[in-house]
Every structure is written in C-alpha cells, then in structure tokens.
Amino acid sequence: MFDPSDRSLEGKTALILGVANENSIAYGCAKAFKALGARLAITYQNDKARRFVEPVAEALETDIFMPCDVQKSGELEAVFEAIDQQWGRLDAALHSIAFAPKEDLHGRLADSSPEGFGLAMDISCHSFIRMARLAESRMHEGGTLIAMSYYGAEKVVHSYNLMGPVKAALECSVRYLAHELGPKGIRVHAISPGPVKTRAASGLKHFDELMESAAKRAPRGQLASIEDVGAATAFLTLNVARLITGETIYVDGGYHIMG
Ligand code: NAD
C-alpha cells in the first residue's frame, strides 16, 4: 500500500515562482521539494532581484534559473519553453507571488482604484491561471499546482484591505481549476500560511501586531516558518496526496479555527 515512490519526488520536476530571498515562502517550498528529490526551476522577477535569488538557486542546484516577471509579455512562456527543452515534463508548479500598489494596499478597499485593483488581481491571481494553462500540457502524468493565499481571503483582517478580495478570487480560481484539470490528473491547491516576516509582508501596515496576535491566538501557540509551509506544500505534490484537490490548506498553527 505504501510504495516508497509515493512519498518521494525523485525523478520529478518542480517550477517555483516567487523566491525573492532566503526569507521567501517560496524558498521554504523549494527546500522541501529538493529534500524530497525533485529537480528545480526557479525564477527571479528582474535584474534587481537576481543577485538575491541567485545564491539561493545555486545552493539548491537548480536546473533552470530564469527571469520571470508575470507582467512582461512572453517571460512566463519562455520559462515553460525552457522546461520543455530541459525536462520535457512538469510535475509541480508553485505560484508564490503577490503585488498591490502601496497607495491601494494602504487605503480602504472602498477607495481602491480600478488600476490598482486590476494590477493586484492580474499579478496575484490571473497569473496563476496563466501558469496553470501553460503547465497543463506539460503535466503528461498529472501534477500539482499550488498558490499561496491568506486568511484575509475568508475573514476581514484589518489592514489586508484590497488583498482580501484578490486572495478570495485566487482561492475560488483554485477550486475551478481543480474541477477543470482534475480529469487530467492535475490537482490544484491553495496554501494559507499564517503571517511570516518576508519582504512582501513588510508592505502591510501593522504587520508586527498581526504576527503577535497570530502567535497568541493560534492553538499551537506559535507562528509557522517557511519550512513548515514548505513541508505542507511538498506533501500535497506527493503521490500519497493524489486524491486531495481543490483545497485551501492552512499552515497557521490552527489560528483560522478560532472564533
Ligand atoms: P516575498 O516578498 O518573499 O515573495 C513575493 C514574491 O512575489 C517576490 O519573489 C516577488 O519577486 C514576486 N513578484 C511580485 N510581483 C511579481 C511579478 N510581476 N512577476 C513575478 N514575480 C512577482 O514574500 P512572501 O511573503 O514569501 O510572498 C509569497 C506569497 O505568499 C504571496 O502570494 C503572499 O501573498 C503569500 N502569503 C504571505 C504571507 C506572509 O505573511 N508573508 C502569508 C500568507 C500568504
């Protein structure tokens, strides 16, 4: 029943979008994929980001290391073309990227601009859908697609503002994609980590208070690390998890169950 290959990513390939540095949630996931034996493709957003991501990619001995700004036409497609050339297959793809313009992120949702809302939605949600479409034809033997969400998708979190509805759309897209791609053996999930001190998180107002209250209220009494998030993410890509799909999995010490 428990075939060892069901619990390994040996011979499997994984694409990771969203490493900014060694504090990134995507880095925690990349480490977990690597530990289970996967070959990795890691992207960096632009030249400015490259010098922070390169040492991480080197340490993880990635096969593919390429730029990918999901807003730049052709860059995501080029990553998939490199995957075709190097691997000819894809087993897992992680989308761990989000963005909202500061003026929109720091204001009320009611005051958000159509441009700011649209940009946040495009980078943080629709690019996951584009990634799924490109991955579909490369996942010949099925696979797993994973996006990073947050509790603010489900409940109002003071200061999460327009990212709440954007993450809600992301979680809903996960369910629709799970429905559409399930017959091809492709599973789709959202992971919802508790607050982690990363570069993206530093753009949120009152983030330290959020971390403090998350640690205090969570039944496990502590914050999740990027390694905790990575372990849960990697588990979902394993064959043992083949009948789990369309879920939002919280890695938050149980914070989300509290009333
Ligand atoms: P991070 O700053 O390390 O990563 C964010 C990444 O998004 C960066 O690598 C950045 O380059 C990338 N990005 C932004 N715009 C992009 C674009 N146009 N094209 C390509 N890449 C782009 O921060 P993080 O906290 O690790 O964020 C990763 C994901 O986790 C995000 O979706 C975030 O919303 C989510 N998340 C974070 C927390 C937290 O507390 N840090 C909690 C729950 C969910």
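**Close-up views of the ligand site and the cysteines**

**View 1. The ligand sits in the largest pocket.** The model is predicted: local features need pLDDT of at least 70, side-chain atom pairs count only at pLDDT 80 or more, and totals for chains, interfaces and linings use all residues. A pocket is an open set of points on a 1 Å grid over the protein atoms alone, where a 1.4 Å probe fits, with protein on both sides within 12 Å along at least five of seven lines. Sitting in it requires more than half of the ligand's atoms within 2 Å of its grid points.

**View 2. The shell around the ligand has 28 residues.** Each has a heavy atom within 4 Å of the ligand. S24, Q45, S149, V196 and T198 are the closest. By class, 17 are nonpolar, eight polar and three charged.

**View 3. Oxygen atoms of the ligand meet S24, Q45 and A200.** Polar contacts are pairs of N or O atoms within 3.5 Å. From S24, a polar side-chain atom lies 2.6 Å from a ligand oxygen. For Q45, the distance from a side-chain N or O atom is 2.7 Å. A200 uses a backbone N or O atom, at 2.9 Å. The protein covers 94% of the 820 Å² of accessible area that the ligand has on its own (Shrake-Rupley method, 1.4 Å probe).

**View 4. The structure holds zero disulfides (cysteine sulfur pairs within 2.5 Å).** The cysteine sulfur nearest to that of C68 belongs to C125, 16 Å away. C68 is buried (under 20% relative accessible area, 1.4 Å probe, protein chains only), at 7%. For C125, the nearest cysteine sulfur is that of C172, 8.8 Å away. C125 is also buried, at 4%.

Residues are numbered from 1 along each chain as its sequence is written, and side-chain values use heavy atoms, without hydrogens and water.

How values were computed. A polar contact is a pair of N or O atoms within 3.5 Å; within protein, one must be able to donate a hydrogen and the other to accept it, and residues adjacent in sequence count only if both atoms are side-chain atoms. On a 1 Å grid over the protein atoms alone, a cavity is a set of points where a 1.4 Å probe fits but cannot get out, and a pocket is an open set with protein on both sides within 12 Å along at least five of seven lines; lining residues have an atom within 4 Å of a point. Ala, Val, Leu, Ile, Met, Phe, Trp, Tyr, Cys and Pro count as nonpolar, Asp, Glu, Lys and Arg as charged, and the others, Gly among them, as polar. Buried means under 20% relative accessible area, exposed over 50%, partly exposed in between (1.4 Å probe, protein chains only).
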